[in-house]
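Work through the exercises below with the coordinates open, and try each task before reading its solution.

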Amino acid sequence: MSAVCVYPMCVRASRGLLRLRSGVSPTSAPTALELVRKLSAEQSKAGEGSGTPGLAQSILQQTLQQQQHKSQGQPPPAGEGTTDHQQDDQGEDKKKKENTAYAKKVVLRLAGIMGIGGAVGVVYVFGSNSIDEHGNKVVDEFDNAVPVIQQLKRTFKYFKDYRQMIIEPTSPKLLPDPLKEPYYQPPYTLVLELTDVLLHPEWSLATGWRFKKRPGIEYLFQQLAPLYEIVIFTSETGMTAYPLIDSIDPQGFVMYRLFRDATHYMEGHHVKDMSCLNRDTSKVILVDCKREAFSLQPFNGVALCKWDGNSEDRTLYDLAAFLKTIALSGVEDVRSVLENYAHEDDPIEAFKRRQAQLAMEEEQRLSDVSQQKKQGLSFGSIAGRFLSRKQQ
């Protein structure tokens with residue numbers, strides 16, 4: 001009887017498997033579970049003593065579990081085999097990883113080969129002997145070494161000299177010797193920065209870069225030209241600064257021009273060394289908007305506020321008065337004067353305050369002197385009258 005009952009269950013199980021293979025959606029999963037329960041109930045009615053669970057029931061349960069895990073995006077439970085589709089995906093991922101690793105190796109090898117080739121080319125180009133105008137090799141101190149060592153040493157020396165050219169000034173004497181009689185040499189030297197002191201760079205989409213002239217440039221040059229040797233020393237390149245200097249000084253008050261290649265490059269700043277100017281540093285005044293520019297000689301510089309392009313600015317007029325006062329006073333060492341303004345945020349404003357205070361003190365002194373004179377005159381007149389009456 002059990003054999004007769006098992007056959008219908010196998011038929012139903014095979015029908016359930018066909019439905020699952022055709023595709024059991026998550027919404028149809030409860031119906032398949034009911035089928036499993038129904039099959040198990042019929043099996044228990046057919047004979048509980050058979051001792052072995054139904055094959056169809058176990059297969060159906062396993063297939064349902066796999067289908068549920070797949071619909072939820074979870075990996076199959078441990079112990080269950082992967083499908084053919086998953087095996088294909090794993091194989092493709094493995095191939096992709098292998099191809100990526102191979103491509104990385106190829107790229108690294110090519111980069112290494114190119115780097116070695118570039119290094120060899122640099123050593124060959126910069127490590128060869130110099131050639132004179134006749135095409136002959138110039139003998140140097142490295143000719144006695146092994147050829148490869150010669151190339152390496154010359155290359156090292158070339159880059160060392162190039163670095164030194166960037167960091168150090170181009171010459172230990174940036175200016176020629178002072179003029180001698182019958183030519184006139186001003187007693188003081190004024191060194192001016194160009195950017196943000198005399199000019200302000202502005203950029204717009206329509207015009208690109210343009211430089212705005214600060215009010216008072218002509219007045220500054222005219223007032224100080226008889227007293228100061230005017231030098232433009234800027235951190236800009238010569239290609240940029242040369243035409244700008246021509247535009248602000250058509251009358252030729254600027255005697256010398258120095259550019260970026262004449263500066264020291266220290267800690268990210270272009271520093272101007274006054275000791276390289278070939279002038280007495282006690283008579284040199286540097287005007288800049290950056291204190292780092294004269295960090296080697298901090299008491300030779302005047303740090304102006306950075307000009308922002310304001311057309312109402314009057315700083316250069318006040319600067320002319322300040323520098324003219326120093327020159328006309330015949331100061332022996334300008335550092336003794338500039339030291340008093342070294343810690344001021346705005347030295348020109350500090351100078352104006354002190355000038356106003358001195359003017360008030362002078363006015364007070366004059367008023368006191370005039371008051372004393374009046375008192376003396378009144379006393380003298382009273383004494384004169386007394387003596388005249390006594391004589392009578």
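The exercises that follow treat salt bridges, cysteines, surface patches and backbone geometry.

The model is predicted, so that local features need pLDDT of at least 70 and side-chain atom pairs count only at pLDDT 80 or more, whereas totals for chains, interfaces and linings use all residues. Residues are numbered from 1 along each chain as its sequence is written, and side-chain values use heavy atoms, with hydrogens and water left out.

**Exercise 1. A salt-bridge network**

Task: Find the salt-bridge partners of Lys272, and state which residues are joined into one network.

Solution. Begin with the criterion, under which a salt bridge is a side-chain nitrogen of Lys or Arg within 4 Å of a carboxyl oxygen of Asp or Glu. Applied to the structure, this criterion gives 14 salt bridges. Next, take Lys272 with Glu193, whose closest N and O atoms are 2.4 Å apart. Lys272 lies in the loop between strand E7 (269–271) and strand E8 (284–288), and Glu193 lies in the loop between strand E1 (188–192) and strand E2 (199–204), so this pair ties together parts that are 79 residues apart in sequence. Helices (H or I, at least four residues) and strands (E, at least two) are DSSP runs, numbered from the N terminus.

Then take the side chains of Lys272 and Asp288, which also meet in a salt bridge, at 2.8 Å from N to O. Here Lys272 in the loop between E7 and E8 is linked with Asp288 in strand E8, 16 residues apart.

For the burial of these residues, use relative accessible area, where buried means under 20%, exposed means over 50%, and partly exposed lies in between (1.4 Å probe, protein chains only). Lys272 is buried at 1% relative accessibility, Asp288 is buried at 3%, and Glu193 is buried as well.

As a further pair, Lys352 forms a salt bridge with Asp318, with the closest N and O atoms 3.3 Å apart. Because Lys352 lies in helix H10 (residues 347–391) and Asp318 in helix H8 (residues 315–328), the pair ties together parts that are 34 residues apart in sequence. Lys352 is partly exposed, at 36% relative accessibility. To finish, salt bridges that share partners join Glu193, Lys272 and Asp288 into one network.

**Exercise 2. Cysteines**

Task: How many disulfides does a search of the whole structure find?

Solution. A disulfide is a pair of cysteine sulfur atoms within 2.5 Å, and the search of the whole structure finds zero of them. Cys289 is in no disulfide, the nearest cysteine sulfur being that of Cys305 at 9.7 Å. Cys305 likewise is in no disulfide, and the nearest cysteine sulfur to it is that of Cys289. As for accessibility, Cys289 counts as buried at 18%, whereas Cys305 counts as partly exposed at 39%.

**Exercise 3. Surface patches**

Task: Which residues make the nonpolar surface patch, and which gather in a patch of negative charge?

Solution. Patches are made of residues with over 30% relative accessible area and no salt bridge, like charges being joined within 9 Å and nonpolar side chains (Val, Leu, Ile, Met, Phe, Trp, Tyr) within 5 Å. The nonpolar patch, of about 580 Å², is made by Val122, Tyr124, Val125, Phe126, Tyr158 and Phe159. The elements that give two or more residues to this patch are H4 and helix H5 (147–167), and the largest share, four residues, comes from H4. Val122 is found in helix H4 and is partly exposed, with a relative accessible area of 32%.

For the charged patch, Asp88, Asp89, Glu92 and Asp93 gather on the surface. Glu92 lies in helix H4 (residues 84–126), and Glu92 is partly exposed, with a relative accessible area of 44%.

**Exercise 4. Backbone geometry**

Task: Where is a cis peptide bond, and what is the phi of Asp196 and of Glu267?

Solution. Start from the background that most residues other than glycine have a negative phi, and most peptide bonds are trans. A cis peptide bond joins Glu181 and Pro182, with omega about 10 degrees, and Pro182 is placed in the loop between H5 and E1. Asp196 has a positive phi near 65 degrees; Asp196 is found in the loop between E1 and E2 and is buried, with a relative accessible area of 9%. Glu267 has a positive phi near 55 degrees; Glu267 is found in the loop between strand E6 (264–266) and E7 and counts as exposed, at 79% relative accessibility.

How values were computed: Areas by Shrake-Rupley, 256 points an atom, 1.4 Å probe, with all protein chains shown as cover. Lys, Arg positive; Asp, Glu negative; His and termini not counted. Charge placed at Lys NZ, Arg CZ, Asp CG, Glu CD.
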